[in-house]
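Reader: Could you take me on a close look at the aromatic rings in this model, and at how they pair up? I would be glad of the cut-offs as you go.

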Amino acid sequence: MKKGLILCEGQTEETFVKHIIAPHLLHNGIVAIPTLIVTRQLRSGMASRGGITRYPQVRRDILNLLHDKSAAMVTTLIDYYGLPDDFPGVATLPEGSPYQKVAHLEQAFAQDIGNARFFPYFMLHEFEAFLFVQPEVMTQTLDQRGSLGPLFSNPSSVASPEEINDGPHTHPAARIQRRFRQYRKALHGPLIIEKIGLSAIREKCPHFDAWLRRLEGLAGE
């Protein structure tokens, strides 16, 4: 068995790993262990976890995870949307497709950490993009009486939910919250993902699929 450590941005991503990704990888001989980003240390000595405000907190957690020599890989499950400006590569972000931009950021991230066991991954553009793989499942889960409406019809120029843009009013989560005010990420996100299924997400989200294939490949290393 190989071990992979996954640094998660928040509780929803942690749940996604525990209930969807980890069981899948276990069948491939990989033990995937999620951990939440430490945002700050409280006076009590306890750690406040979840959410990203500055790059140094993420870098610190990654370096701490890399101290575990039994881990074959350390990776991340972090939203591309809303990355703090001090992340590596943000200041030099090129023009181009979302895939070109995220590749630039992940390369800069990997170079800054400088460890061969580190494989960064940013979700395009955020976790909620996965829910657009089958938007009808979202409607059935959140409002059985509702219709999809324009917010759930991907623009014709978009080939994948990963390409739904990152504007402040048009990123995936904003579209969902405008249509379904009752949507709660930590509650509904994993439930909808489970109904959609990992295979469908992989088929429609090539950047996610490439990351998962890299994790699966640990078994043969």
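Author: Happy to; here is a walk through the ring pairs, with a short look at a surface patch at the end.

First, some ground rules: this is a predicted model, in which local features need pLDDT of at least 70 and side-chain atom pairs count only at pLDDT 80 or more, while totals for chains, interfaces and linings use all residues. Residues are numbered from 1 along each chain as its sequence is written, and side-chain values use heavy atoms, with hydrogens and water left out.

A search of the whole structure turns up 14 aromatic pairs. Here, rings of Phe, Tyr and Trp (its six-membered ring) pair if their centres lie within 6.5 Å; planes under 30 degrees apart count as stacked, over 60 as edge-to-face and the rest as tilted. One of the pairs joins Phe 87 and Phe 122 edge-to-face, with 5.9 Å from centre to centre and 70 degrees between the planes. This pair links distant parts of the chain, 35 residues apart: Phe 87 sits in the loop between strand 5 (73–79) and helix 3 (98–113), and Phe 122 belongs to strand 7 (residues 122–123). Helices (H or I, at least four residues) and strands (E, at least two) are DSSP runs, numbered from the N terminus. Phe 87 is buried, as its relative accessible area is 3%, and Phe 122 is buried too, at 1%. Buried means under 20% relative accessible area, exposed over 50%, and partly exposed in between (1.4 Å probe, protein chains only).

Next, look at Tyr 121 and Trp 211, a stacked pair with centres 4.6 Å apart and 10 degrees between the planes. This pair also links distant parts of the chain, with Tyr 121 in the loop between strand 6 (118–119) and strand 7, and Trp 211 in helix 8 (residues 206–216), 90 residues apart. Both Tyr 121 and Trp 211 are buried. They belong to a cluster that ring pairs build from Phe 16, Tyr 121, Phe 127, Phe 130, Phe 208 and Trp 211.

A charge joins the picture as well: Arg 214 lies over the face of Phe 119, 5.5 Å from the ring centre. For this, NZ of Lys or CZ of Arg must be within 6 Å of the ring centre and within 35 degrees of the ring normal.

Finally, for the surface, Met 1 is exposed, with a relative accessible area of 73%, and is found in the segment before strand 1 (2–8).
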